[in-house]
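Reader: I'm new to looking at protein models. Could you walk me through this one, a bit at a time?

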Amino acid sequence: MANKKVYFFKVNMSDLKGNRMPVGKYKELFEEIIDKYAVNNTVYRSLDLSFEDDPMHTIWDIFDYKNDRLFGRLSKQRPSSSVIQRDYHTYQKSDVLPVGDQQNKGIEQYTFGSLDYDTGIFSIVSSKGSPTEKVLLF
């Protein structure tokens, strides 16, 4: 079994004028962002956190945000040329996705992250190739 590490970060947010936002406002701000921009997938909402100059997508699938925390799966798209599919009976390989379709479909590595609204502590499970705490810099 692989060992995972969980990292904890204190989140400090500022408004456009540079004024530090009180932790008590985080929930309201995130609810507003998620309600306005996330895609509703019935049991979770997906928020695209991709940078404009990055051709690979970064997505936050949010499972809980209305209660005392923001919790979800954070994923980062990987080039489809970096993975293959293999039949272990014949050992023949095949492409996982059709070549050239990265814009519409992708392969992602993911981890989980949670922001406690009361304390402003963001916890994230480390996982090679998945988003880091910097995902909150959107």
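Author: Sure, let's go from the whole chain down to single residues, keeping in mind that this is a predicted model.

Reader: Cool. What pattern do the helices and strands follow along the sequence?

Author: Start with the count: the chain has one helix and nine strands. Put them in order along the sequence and you get β-α-β-β-β-β-β-β-β-β.

Reader: And what share of the residues is buried?

Author: The chain has 138 residues, and its C-alpha atoms fill a box of roughly 60 × 35 × 30 Å along the principal axes. Its accessible surface comes to about 9,700 Å², with 52% of that belonging to carbon and sulfur atoms. As for the residues that count as buried, their share is 31%.

Reader: How far apart are the mean positions of the positive and negative charges?

Author: There are 19 positive and 19 negative charges in the chain. Take the mean position of each set, and the distance between the two is 4 Å.

Reader: Let's zoom in on the rings. Is the pair of Phe71 and Phe112 stacked or edge-to-face?

Author: A search of the whole structure turns up five aromatic pairs. One of them is Phe63 with Phe71, which is tilted, with 6.2 Å from centre to centre and 40 degrees between the planes. For Phe71 and Phe112, the centres are 6.0 Å apart and the planes are at 5 degrees. Planes under 30 degrees apart count as stacked, so the pair of Phe71 and Phe112 is stacked.

Reader: How many residues apart in sequence are the parts that this pair ties together?

Author: Look at where each ring lives: Phe71 lies in strand β5, residues 69-78, while Phe112 lies in strand β8, residues 107-116. Because the two partners lie in those two strands, the pair ties together parts of the chain whose separation in sequence is 41 residues.

Reader: Is Phe71 buried or partly exposed?

Author: The cut-off helps here: buried means under 20% relative accessible area, and exposed means over 50%. Phe63 has 33% and is partly exposed, and Phe112 is partly exposed too, with 32%. Phe71 has a relative accessibility of 23%, so Phe71 is partly exposed.

Reader: Which residues do the ring pairs link into a cluster, and which charged residue sits over the ring of Tyr44?

Author: The cluster linked by ring pairs is made of Tyr44, Phe63, Phe71, Tyr110 and Phe112. Over the face of Tyr110, at 6.0 Å from the ring centre, lies Arg73. Over the ring of Tyr44, 5.8 Å from its centre, sits the charged end of Arg73.

Reader: Now the helix. Is Ile34 buried or exposed?

Author: Ile34 is found in helix α1, residues 26-37. Beyond its neighbours within four places in sequence, Ile34 is in contact with Arg45, Ile62, Tyr65 and Leu70. The relative accessibility of Ile34 is 1%, and anything under 20% counts as buried, so Ile34 is buried.

Reader: How far apart are the C-alpha atoms of Ile107 and Val96?

Author: Ile107 is in strand β8, and with a relative accessible area of 19% it is buried. Leaving out neighbours within four places in sequence, its contacts include Val83, Val96 and Leu97. Ile107 and Val96 are eleven residues apart along the chain, and the distance between their C-alpha atoms is 8.5 Å.

Reader: Where is Ser123, and is it buried or exposed?

Author: Ser123 is found in strand β9, residues 121-125. Apart from neighbours within four places in sequence, Ser123 is in contact with Val6, Tyr7, Phe8, Phe112, Gly113 and Ser114. At 19% relative accessibility, Ser123 is under the 20% cut-off, so Ser123 counts as buried.

Reader: Last one: what is the phi of Tyr91?

Author: Let's begin with Thr42, in the loop between β2 and β3, where phi is near 70 degrees, a positive value in a residue other than glycine. Thr42 is exposed, with a relative accessible area of 77%. Tyr91 is in the loop between β6 and β7 and counts as exposed at 59% relative accessibility. Tyr91 isn't a glycine, and yet its phi is positive, at about 65 degrees.

Technical notes. Residues are numbered from 1 along each chain as its sequence is written. This is a predicted model: local features need pLDDT of at least 70, side-chain atom pairs count only at pLDDT 80 or more; totals for chains, interfaces and linings use all residues. Side-chain values use heavy atoms; hydrogens and water are left out. Helices (H or I, at least four residues) and strands (E, at least two) are DSSP runs, numbered from the N terminus. Buried means under 20% relative accessible area, exposed over 50%, partly exposed in between (1.4 Å probe, protein chains only). Contact means heavy atoms within 4.5 Å. Accessible areas come from the Shrake-Rupley method with a 1.4 Å probe; for residues, only the protein chains shown count as cover. Lys and Arg count as positive and Asp and Glu as negative; His and the chain ends are not counted. The place of a charge is taken as NZ of Lys, CZ of Arg, CG of Asp or CD of Glu. Rings of Phe, Tyr and Trp (its six-membered ring) pair if their centres lie within 6.5 Å; planes under 30 degrees apart count as stacked, over 60 as edge-to-face and the rest as tilted. A charge sits over a ring if NZ of Lys or CZ of Arg is within 6 Å of the ring centre and within 35 degrees of the ring normal.
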